[in-house]
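Trainee: I would like a close look at one part of this model. Could you take me through the helix that packs on a sheet, and then place that part in the rest of the chain?

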Amino acid sequence: MQLEPISGEVTVRTALHKSSMRTILLMFSSLLCCAFAAAQQDLATPEVPDKFNLDMEAAARLNPKLMTQSNAASGRYATGRLVFERLVEQIRAPAGVKFTWQMRIVDDDELNAYSSPDGTIYVESGLARLAGPSTGLWAAILSHEIAHVLRRDWARRYLYQKNLENGGGSAIVLGDPSLPSASWASSEKASADMGRFCRQMELEADREGLMLMARAGYHPDFVPALHHLLHARGIGTNRATLYAMHPCWEERDHELSRAYVVASIEFERRWPEFYASPGGNPPVVVFAEEPTVRKNSSKEWEIQIPMHCQNLAGAVEVVLHAGPTHGKIARLAHLPGSDEAGPDDVRQLTGCTSPRTTITFSLVDTAARQKPAAPWTDVYVLDAWGTVLARTDLPKLPR
Ligand SMILES: [Zn+2]
């Protein structure tokens, strides 16, 4: 799906069925761009010229249809609407642009959110339910989308793409002027460049979203908490492309580490008593690194998982999960024998108190372990209620 200018107008070539609408709206969903390669360097993102309004025209054209396919955020989604209103109060819109802020729910059970250039934020119902009653998770979702609108990323992306089609020079001077136009001759290179550009816009929206959250009273740690929940559901990892280099969420958290610090300082300055902030206390956030596996003897392995926990008072449970549910679950029941807990799961509790805690499992091969159907596949870190705080892949055990 592409937007194509004809006589100064934007026309949409494909029929506006539901999935194509989502593609039009971009777009800047947290989930579409991130599978692309890491930005090796900062690309200059195009500034939107004063009189540019193709983005607003496109939004006006698409709005009626999108309205019929979504609902006002009320009832069970009222928490989201309240958070949205609170975030919008903090916004200082750029001069000369008028946004019509509203939030809509798309009832399709998907785990995504996207924004229209006019200020309408669409949250798909799967993601809305994942946020549930957590004002902080709602703030993490919405602040990122609001940042895309304020930055006019739809327009930036459009201008970047035009620059791409024009061979990197000509009337629209954008991006990196030193970029050789030949790079656009190769469609593979062009999509790699677009992927990098897209990723960079995601990170910039993340950064601005973090500051918006902090000002409105939601701790920035709700962002990695959301990323980890999505990662545990396999979102952001199963859209791997030729250009994918790393699991998206870990990399994104890593690249944002400085932005988290800056936003946390701002939050603490404005909300010295965390519990009294609109988002309440910051959530427990667990960063689990890639496990290392060592074979100690012919039937014995040692698995080490380095972890870092934030805001934890109490303990978390680390589970080596065996079974076919690889990367698809957000909750693991504590009781072995339930639907999601595999009978071969191995568990241990940790207070995770040091800045770098290492959990060690010593595993002995058993007859059951020989069955190829039940290898250990994932490491999950759970809170006391069984909610997944982190997930990471377990490398294959050497035979
Ligand atoms: Zn985004």
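Mentor: What follows starts with the sheet under that helix, moves to the helix itself, and then goes out to the other strands.

Keep one thing in mind. This is a predicted model.

Start with the sheet. It is open and has four strands. Their order is E3-E4-E6-E5. The pairing is mixed. Now find the edges. They are strand E3, residues 71–72, and strand E5, residues 113–115. Each of these two strands pairs on one side only. Look next at how E3 meets strand E4, which covers residues 102–106. The two run antiparallel, and two bridges join them. For a landmark, take Ala72: its bridge partner in E4 is Arg104.

Now add the helix. Helix H5 spans residues 135–151 and packs on this sheet. H5 touches E4, E5 and strand E6, residues 120–124. The direction of H5 makes about 25° with that of E5.

H5 also meets another helix. That partner is helix H9, residues 222–232. How do the two axes lie? They come within 8 Å and cross at roughly 85°. Angles from 65 to 115 degrees count as roughly perpendicular, and H5 and H9 are therefore roughly perpendicular to each other. Which residues make the contact? On the H5 side they are Gly136, Leu137, Ala139, Ala140 and Ile141. On the H9 side they are Phe222, Val223, Ala225 and Leu226. Sort these residues by type. Eight are nonpolar, one is polar and none is charged.

So much for the helix. Next come the strands further along the chain.

Strand E9 is a good place to stop. It covers residues 300–310. Follow its partners one by one. Strand E7, residues 285–288, runs antiparallel to E9, and four bridges join them. In this pair, Val285 stands opposite Gln310 of E9. Strand E8, residues 292–297, also pairs with E9 in the antiparallel sense, over five bridges. Here Val293 stands opposite Ile303 of E9. E8 and E9 form a hairpin, with two residues between them. Then there is strand E12, residues 357–364. E12 and E9 pair over eight bridges, in the antiparallel sense. Glu302 has Ser362 of E12 as its bridge partner.

One more sheet is worth tracing. It is open, with four strands in the order E11-E10-E13-E14. Its pairing is antiparallel. The edge strands are E11, residues 346–350, and E14, residues 388–393. Each of them pairs on one side only. Neighbouring strands of this sheet are turned by 20° against each other on average, direction ignored. Now look between the edges. Strand E10, residues 316–322, pairs with strand E13, residues 376–382. The sense is antiparallel, over six bridges. Glu317 and Leu382 of E13 are bridge partners.

Finally, step back to the whole chain. The protein chain has 11 helices and 14 strands. It has 399 residues, and 40% of them are buried. Count the contacts with a separation of 6 or more: residues 24 or more positions apart account for 71% of them.

Key: Residues are numbered from 1 along each chain as its sequence is written. This is a predicted model: local features need pLDDT of at least 70, side-chain atom pairs count only at pLDDT 80 or more; totals for chains, interfaces and linings use all residues. Two strands pair if DSSP finds at least two bridges between them. Two residues are in contact if their C-beta atoms, placed from the backbone, lie within 7 Å. Axes are lines fitted to C-alpha atoms, for helices over the stretch in contact, and angles run from 0 to 180 degrees between N-to-C directions. Angles under 35 degrees count as roughly parallel, over 145 as roughly antiparallel, 65 to 115 as roughly perpendicular and the rest as oblique. Ala, Val, Leu, Ile, Met, Phe, Trp, Tyr, Cys and Pro count as nonpolar, Asp, Glu, Lys and Arg as charged, and the others, Gly among them, as polar. A residue is buried if 20 or more other C-beta atoms lie within 10 Å of its own, exposed if 12 or fewer, and partly exposed in between; C-beta atoms are placed from the backbone.
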